Each structure stands twice: as C-alpha cells, then as structure tokens.
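Work through the two exercises below with the structure in view, and try each task before you read its solution.

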Amino acid sequence: MNMRFGVSFWKLEDRASWMEKSRRAEDLGYHVITVPDHIDMPSPFPACVLAAEATRNVRVGTFVSNTSFYSPALFARDVVTTAQLTGGRLEVGLGAGWKKKEFDQAGIPFGAAGKRVDRLVETLDEVKRAWSAARTRPGAASDRPPLMIGGNGDRVLRLAARHADIVSFAGTGFDPQGRGMQFLTDRQMDDRVALVDAELRASDRDTVHRNIIVLRTQVTDDRAAAREDYSRFLRGTLSPEQVGELPAVLIGSPEQIAEQLIARRERFGFDYVTVQESALDTFAKVIALLR
C-alpha cells in the first residue's frame with residue numbers, strides 16, 4: 001500500500017536531542033519530519049535544516065507556516081534558502097493562521113478570515129515567483145519544493161486543490177474569533193473532500209496528494225476503554241462511538257489502526273498521514289504493518 005507517513009516535532013530541548021529523534025524518525029520508517037508554526041514552539045526553518053543535517057533521505061517541512069506572520073517576500077527567501085540547505089528535501093506547508101492569542105503575542109492584527117486567506121494567496125504567489133527566479137542562478141535546484149496548503153474553510157481548500165501538490169485536511173473546524181477549534185465528524189469530512197474533488201474537476205487537475213493531521217493517536221489493546229476515556233476527556237461532547245469515527249483521531253491496536261487508515265484512504269483519499277511527536281514510537285508499529 002503506497003502511503004506516506006509524517007511526524008510533527010515541536011519539543012526542542014537541545015541540538016543533540018533534536019538530531020537524535022530526527023534520525024530515529026527516519027529509522028522507524030517515517031517519510032517526512034515536520035515542524036508546526038506556533039509562537040511558543042521552535043522556529044520552523046532552522047529546525048528543518050537541523051533535522052535534514054541529521055538524516056539521510058527523509059523530507060523535512062513546515063506544518064504549516066502561518067503566512068499572516070510574515071512578509072511574503074522574506075518568507076519566500078527563507079523557502080529558497082532552506083530548500084538549498086536541506087539538499088532539496090524541503091516540503092513547504094502553508095496556512096492562514098487561526099489562533100488570535102498568537103497574533104496578539106506577535107503584535108500582528110488578527111484580521112478577518114478573508115484577509116488572512118488573502119495573505120496566504122500573496123505568499124503562495126511570491127514563493128512561486130521567488131523559486132522561478134532562483135532557478136536561474138548557478139547551482140540552483142531545478143525542482144520546486146512540494147507545496148502543501150492546509151486548512152478547513154472553503155476558500156483555502158479550493159486554493160489547495162488548484163495550486164498545491166498536497167491538500168492537508170485539518171480534521172478540525174476553527175472558531176472565527178480565533179479562540180478554539182473542534183473536531184470534524186466523518187460526515188463533515190465527506191463534505192470537505194467533496195469540495196476538493198469538485199474543484200479538481202473544475203480545474204482539470206490530476207488528483208493531488210491528500211494529508212490528514214492526526215491530533216490524537218493511542219495504540220492500545222483495549223480500544224473500547226480508550227475511546228470511553230477520550231470521550232470523557234472531551235467532556236462527553238462526543239460518544240465513544242463518535243470518537244471512533246473522527247478522522248483526526250486514531251485509537252486501537254496497530255492492526256486496528258492500520259485497517260482504519262486503509263478504510264479512510266478508500267473513503268477520503270488520504271494517502272499521507274501525519275501524527276504528533278508523542279506518537280513517534282507507538283505509531284511506528286502501524287507503519288511497519290502498512291509498509
């Protein structure tokens with residue numbers, strides 16, 4: 001089964017530990033090491049460079065860069081430089097940003113969703129322009145880094161379907177006021193996937209890769225009890241049965257999770273799955289089954 005697996009690293013202790021866990025991710029069979037873009041976490045591009053330095057073939061990337069935080073031209077410069085320093089192993093993830101608290105911390109106005117998506121469009125265009133210019137330089141790489149656009153809103157998903165190499169489905173809906181998020185149900189994900197499918201048909205594009213970011217991964221031999229526990233953690237807003245159907249949650253034995261991922265690929269088209277750093281070792285058991 002041809003699937004890709006990524007892990008999102010966000011805990012920075014020191015140089016040695018970052019390099020060691022990057023090597024471990026590659027040895028465990030992960031294809032991509034990514035770094036989120038939150039103000040209280042490591043700076044993504046330097047972290048990607050160090051992960052690439054520590055490894056041989058695994059790709060590295062941002063998941064996803066909050067384009068509202070940056071000047072498009074300066075961000076594009078960082079993309080070109082990081083692609084060069086990582087030996088062409090960079091994967092660029094772009095998003096519009098959603099958490100108001102982080103904008104406040106950064107001293108950046110938290111504009112309406114439309115304004116934030118406008119900045120995403122500007123940044124996408126600038127990255128493409130900068131890469132075209134960089135290709136003319138001596139020794140430059142010829143292949144542009146794969147572009148991933150992540151989110152949940154209609155406009156972002158349509159943009160991703162038309163311009164990205166990878167569409168990343170958030171698996172959550174975001175409060176327009178930037179105060180929180182909530183899981184999407186499987187039926188809500190059907191709607192998001194249908195929107196992307198329609199946009200692909202309208203733009204005459206070949207199918208794109210489809211990513212899902214998993215927020216909760218629990219490998220256990222007692223799936224029923226674990227789902228009940230997580231239902232209680234969510235304060236009963238979702239039943240254990242509903243928890244089991246959430247696209248951004250994986251709970252079960254390695255065999256059960258592998259079967260679930262196969263079913264979700266058939267239903268939603270997900271061929272690229274990213275888990276959180278806390279699942280680095282346990283999810284590797286699932287990778288071994290699917291590889």
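Two residues are in contact when heavy atoms of theirs lie within 4.5 Å. The model used here is a predicted one.

**Exercise 1.** Determine which residues of H10 and H11 meet, and how the two helices are oriented to each other.

*Solution.* Begin with the contact itself: Pro-254, Glu-255, Ile-257, Ala-258, Leu-261 and Ile-262 in H10 meet Phe-283, Lys-285, Val-286, Leu-289 and Leu-290 in H11. Sorted by class, the residues of this contact are nine nonpolar, no polar and two charged. Next, consider the axes of H10 and H11, which come within 9 Å and cross at roughly 60 degrees. Angles from 65 to 115 degrees count as roughly perpendicular and those under 35 as roughly parallel, and the crossing therefore makes H10 oblique to H11. Finally, the handedness of the crossing of H10 and H11 is right-handed.

**Exercise 2.** Find which residues of H11 are buried, and explain how they are placed around the axis.

*Solution.* First list the residues: in H11, which spans residues 280-290, Leu-280, Phe-283, Ala-284, Val-286, Ile-287 and Leu-290 are buried. These residues cover an arc of only 160 degrees around the axis, and they therefore lie on the same side of H11. A general rule helps in reading such a pattern: an α-helix has 3.6 residues a turn, so residues three or four places apart point the same way. As a last step, ask what covers the buried residues of H11, and the elements found include strands S1, S11, S12 and S13 together with helices H1 and H10.

Terms used:
Residues numbered from 1 in each chain as written. Predicted model: local features only at pLDDT ≥ 70, side-chain atom pairs only at ≥ 80, totals over all residues. Heavy atoms only, no water. Buried < 20%, exposed > 50% of the residue type's maximum accessible area, 1.4 Å probe, protein only. Helix = DSSP H or I, 4+ residues; strand = E, 2+ residues; numbered from the N terminus. Arc of directions from axis to C-beta. Axes fitted to C-alpha atoms, helices over the stretch in contact; angles between N-to-C directions. Parallel < 35°, antiparallel > 145°, perpendicular 65-115°, else oblique. Left-handed = near helix turned anticlockwise from the far one by under 90°. Nonpolar A, V, L, I, M, F, W, Y, C, P; charged D, E, K, R; others polar.
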